[in-house]
Amino acid sequence: MTSPDTDPIRIVAVHGVGNSFGADIYGTRLEELRTMKAAVWAQQLSSGLGIARDRVNLDFAYYADKLVTGPVAQGAGDPDRLDDPLAQEMLAAWARELGVPEEVAQGHATVPLRALSSWVARRFDLAEGPLRVFIRLLFSEVAVYLRAEDAPERMTAREEVAARIARHQPRIVIAHSLGSVVAYEALHAHPELQPELFLTLGSPLALPRVVFQRLIPAPQHVGPGLRGTRPPGGTRWVNIADPGDPVAVPPQLGRFFDGIALDHTTVISPLFRFHHATNYLQSATTAATIAPYLEA
């Protein structure tokens with residue numbers, strides 16, 4: 001019999017952008033891929049915690065297939081612009097937040113993707129080619145999810161995450177990147193879901209004009225500015241952001257949200273791979289946050 005202090009800890013992981021298994025994946029194949037992703041995240045977490053893999057009982061909340069809106073015609077659009085006007089608008093807002101010079105952004109209204117990715121790559125010491133591909137993917141997925149409050153993609157993605165949390169009944173929900181936005185809204189939409197810990201990694205939740213003002217529930221005017229709130233109930237919210245991660249901007253969510261218990265701005269690794277979940281999951285800061293929950 002397993003003793004109480006060695007029972008596996010139940011966790012639901014919510015992925016970020018770039019995790020699409022493909023629009024034609026469903027049924028048994030989807031469950032196989034979900035299981036594979038869950039095993040990878042569990043291994044990375046247990047490695048960072050220095051515990052056996054079987055101490056982590058992790059379910060993977062997969063929602064990327066809900067954001068697929070249809071095939072894009074080959075060669076369509078301007079390769080230096082995002083095809084979706086909303087995605088292009090969000091890209092321009094991100095450029096303003098990063099402080100991209102006007103001469104690079106060309107007034108920000110139609111910021112060229114190539115010029116922006118080159119500037120960001122130099123500032124954050126990143127490889128420009130992969131960065132440009134990622135930026136296109138990032139704002140394409142964010143625009144689909146946040147296009148409208150009642151967008152079917154948004155509602156189905158949020159409900160899929162909520163359903164996985166309800167089914168697994170985790171002590172901890174870990175959400176990375178766009179997944180932190182989906183999980184934040186899912187926990188608010190379903191106040192009966194109250195994990196003990198909500199851990200956000202590399203989150204863009206406070207990104208002005210792109211994410212923050214579009215959240216459900218909407219931030220409220222408090223004093224001179226807007227404030228968001230933590231998920232309802234007794235859930236403890238901890239945020240971790242690497243200052244070298246240009247998606248986690250602004251990095252300190254506590255300046256925009258009430259009720260955040262800890263708001264870490266921590267260099268995750270000198271070998272940090274751009275906005276990658278792996279290094280967040282294996283970091284000492286993540287391990288220190290989760291370790292107390294390993295006890296019964």
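## Close-ups of a predicted model

What covers the buried residues of α5 includes α2 (85–98), α4 (113–124), α6 (152–168) and α7. Keep in mind that this is a predicted model. For the whole picture before zooming in: the chain has 9 helices and 9 strands, and 53% of its 296 residues count as buried. Of the contacts between residues at least 6 apart in sequence, 74% join residues at least 24 apart.

**View 1. Helix α5 and its buried residues.** Helix α5 runs over residues 128–146. Its buried residues include Leu 131, Phe 134, Ile 135, Leu 138 and Phe 139. Further along, Val 142, Ala 143, Val 144, Tyr 145 and Leu 146 are also among the buried ones. Don't expect only greasy side chains, though: Arg 132 and Glu 141 are on the buried list too. A quick ruler check works nicely here. At 1.5 Å a residue, the 19 residues of α5 should span 27 Å, and its end C-alpha atoms are 26 Å apart, so the two agree.

**View 2. Helix α5 alongside helix α7.** Helix α7 covers residues 178–189, and it packs against α5 at an angle of about 15 degrees, with the axes 11 Å apart. That angle makes α5 roughly parallel to α7, and the crossing is left-handed. On the α5 side, look for Glu 141, Val 142, Tyr 145 and Leu 146; on the α7 side, Leu 178, Val 181, Val 182 and Glu 185. By class, this contact has 6 nonpolar, no polar and 2 charged residues. Notice the spacing of the residue numbers within each helix. An α-helix has 3.6 residues a turn, so residues three or four places apart point the same way.

**View 3. Helix α2 meets helix α4.** These two pack at an angle of about 30 degrees, with their axes 12 Å apart, and they cross in a left-handed way. Helix α2 brings Leu 91, Trp 94, Ala 95 and Leu 98 to the meeting. Helix α4 answers with Leu 113, Leu 116, Trp 119, Val 120, Arg 123 and Phe 124. The contact counts 9 nonpolar, no polar and 1 charged residues.

**View 4. Helix α6 and the residue just after it.** The 17 residues of α6 should span 24 Å at 1.5 Å a residue, and the end C-alpha atoms are indeed 24 Å apart. Its buried residues include Ala 157, Val 161, Ala 162 and Ile 165, along with Arg 154, Arg 158 and His 168. Just after α6 comes Gln 169, with a positive phi of about 50 degrees. Gln 169 sits in the loop between α6 and β3 (172–176) and, at 47% relative accessibility, counts as partly exposed.

**View 5. Another positive phi, at Asp 125.** Asp 125 lies in the loop between α4 and α5. Its phi is positive, about 55 degrees, although it is not a glycine. At 70% relative accessibility, Asp 125 counts as exposed. Most residues other than glycine have a negative phi, and most peptide bonds are trans.

**View 6. Cis peptide bonds before prolines.** The bond from Ile 216 to Pro 217 is cis, with omega near 0 degrees. Ile 216 lies in the loop between β4 (197–201) and β5 (220–222), and its relative accessible area of 24% makes it partly exposed. Ile 216 touches residues including Arg 154, Arg 158, Tyr 184 and Glu 185. The bond from Val 249 to Pro 250 is cis as well, with omega near -15 degrees; Pro 250 lies in the loop between β7 (236–241) and β8 (257–258).

How values were computed
Residues are numbered from 1 along each chain as its sequence is written. This is a predicted model: local features need pLDDT of at least 70, side-chain atom pairs count only at pLDDT 80 or more; totals for chains, interfaces and linings use all residues. Side-chain values use heavy atoms; hydrogens and water are left out. Axes are lines fitted to C-alpha atoms, for helices over the stretch in contact, and angles run from 0 to 180 degrees between N-to-C directions. Helices (H or I, at least four residues) and strands (E, at least two) are DSSP runs, numbered from the N terminus. Angles under 35 degrees count as roughly parallel, over 145 as roughly antiparallel, 65 to 115 as roughly perpendicular and the rest as oblique. A crossing is left-handed if the near helix is turned anticlockwise from the far one by less than a right angle, and right-handed if clockwise. Contact means heavy atoms within 4.5 Å. Ala, Val, Leu, Ile, Met, Phe, Trp, Tyr, Cys and Pro count as nonpolar, Asp, Glu, Lys and Arg as charged, and the others, Gly among them, as polar. The expected span of a helix is 1.5 Å times one less than its number of residues. Buried means under 20% relative accessible area, exposed over 50%, partly exposed in between (1.4 Å probe, protein chains only).
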